[in-house]
Amino acid sequence: MKNKKIVLLIAIILIVIAIGTVIFLTKNGEKPNEQPNSIITAEMEEKHEKYFNWSGTKITGLTIEGKEQKTLIVPSKCTEVGKNTFFSENLETLTFAQGGEITSLKGNLFNSCENLKTIDLSGLNKLTQIPRFFSYNTS
């Protein structure tokens, strides 16, 4: 009986986290997928590669040009994203391209992204972990 209560409690916590994520991803009643991830082309991914600092297939930060962008697409070739990676005052929309191999995200990814309105994680089919301080000090 005690094990069933623990399982039920864990299930409730996961549901609350999922609901909180949906609420965070939608702002002012916007639909999270107003621009479907499926329209991202290989050319778009390739264009956005130059906005990131890379260490192999890991994104470690934004280039100077990347920090100037309002919209960024994380290419599907990315397998890992470092901590504090998307620090940018200009960033409004971030989309992870379909087919990404990322399974977990680090803390403070969007630290001080005060203009960030939309994060599209729908392309990350293997994502299993979102950290507690995923978006510290964002709008």
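Which residue in β5 stands opposite I73? The residue is T95, and the pair offers an entry into a predicted model in which local features need pLDDT of at least 70 and side-chain atom pairs count only at pLDDT 80 or more, while totals for chains, interfaces and linings use all residues. Residues are numbered from 1 along each chain as its sequence is written, and side-chain values use heavy atoms, with hydrogens and water left out.

Confidence is expressed as pLDDT, the predictor's confidence in each residue on a scale from 0 to 100. The protein averages 79, and 72% of the residues score at least 70. Over residues 27-34 the pLDDT stays under 50, and for this stretch the model has nine contacts beyond four places in sequence, a contact being heavy atoms within 4.5 Å.

The strands come next. Strands (E, at least two residues) and helices (H or I, at least four) are DSSP runs numbered from the N terminus, and two strands pair if DSSP finds at least two bridges between them. Strands of a sheet pair through backbone hydrogen bonds, either parallel or antiparallel. I73 and T95 belong to the pairing of β3 with β5, which runs in the parallel sense over four bridges. An open sheet of three strands has the order β3-β5-β6, with parallel pairing. Its edge strands are β3 and β6 (118-120), each of which pairs on one side only. From one strand to the next the twist averages 10°, where axes are lines fitted to C-alpha atoms, for helices over the stretch in contact, and angles run from 0 to 180 degrees between N-to-C directions.

Another open sheet of three strands has the order β1-β2-β4, and its pairing is mixed. Here β1 and β4 are the edge strands, each pairing on one side only. Between β2 and β4 the pairing is parallel over two bridges, and the bridge partner of I59 in β4 is V81.

The nonpolar core draws on several of these strands. Such a core is a set of buried Ala, Val, Leu, Ile, Met, Phe, Trp, Tyr and Cys residues joined through side-chain atoms within 4.5 Å; buried means under 20% relative accessible area, exposed over 50% and partly exposed in between, with a 1.4 Å probe and protein chains only. The largest core has 21 residues, of which V74, F86, L94, F96 and F110 touch the most other members. β2, β3 and β5 (93-96) each supply at least two residues of this core. Leaving aside neighbours within four places in sequence, V74 is in contact with F52, I59, F86, L94, T95, F96 and A97. The last of these, A97, is found in the loop between β5 and β6 and counts as buried at 2% relative accessibility. The C-alpha atoms of A97 and K77 are separated by 8.9 Å, with their positions 20 residues apart along the chain.

K77 leads to the charged pairs. Side chains of opposite charge can pair when their charged atoms come close. A salt bridge is taken as a side-chain nitrogen of Lys or Arg within 4 Å of a carboxyl oxygen of Asp or Glu, and by this rule the count comes to four. One of them joins E49 to K77, the closest N and O atoms being 3.4 Å apart. E49 lies in helix α2 (residues 42-49) and K77 in the loop between β3 (71-74) and β4 (80-81), so this pair ties together parts that are 28 residues apart in sequence. E49 is partly exposed at 26% relative accessible area, and K77 is likewise partly exposed at 38%.

K50 forms a salt bridge with E65, with closest N and O atoms 3.9 Å apart. This pair links K50, in the loop between α2 and β1 (52-55), to E65 in helix α3 (residues 64-67), 15 residues apart. K50 is partly exposed at 45%, as is E65 at 35%. E80 and K58 form a further salt bridge, the closest N and O atoms being 3.9 Å apart. The pair links E80 in strand β4 with K58 in strand β2 (residues 58-62), 22 residues apart.

The backbone has one further point of interest. Most residues other than glycine have a negative phi, and most peptide bonds are trans. N84, however, has a positive phi near 60°. N84 lies in the loop between β4 and β5 and is partly exposed at 36% relative accessibility.
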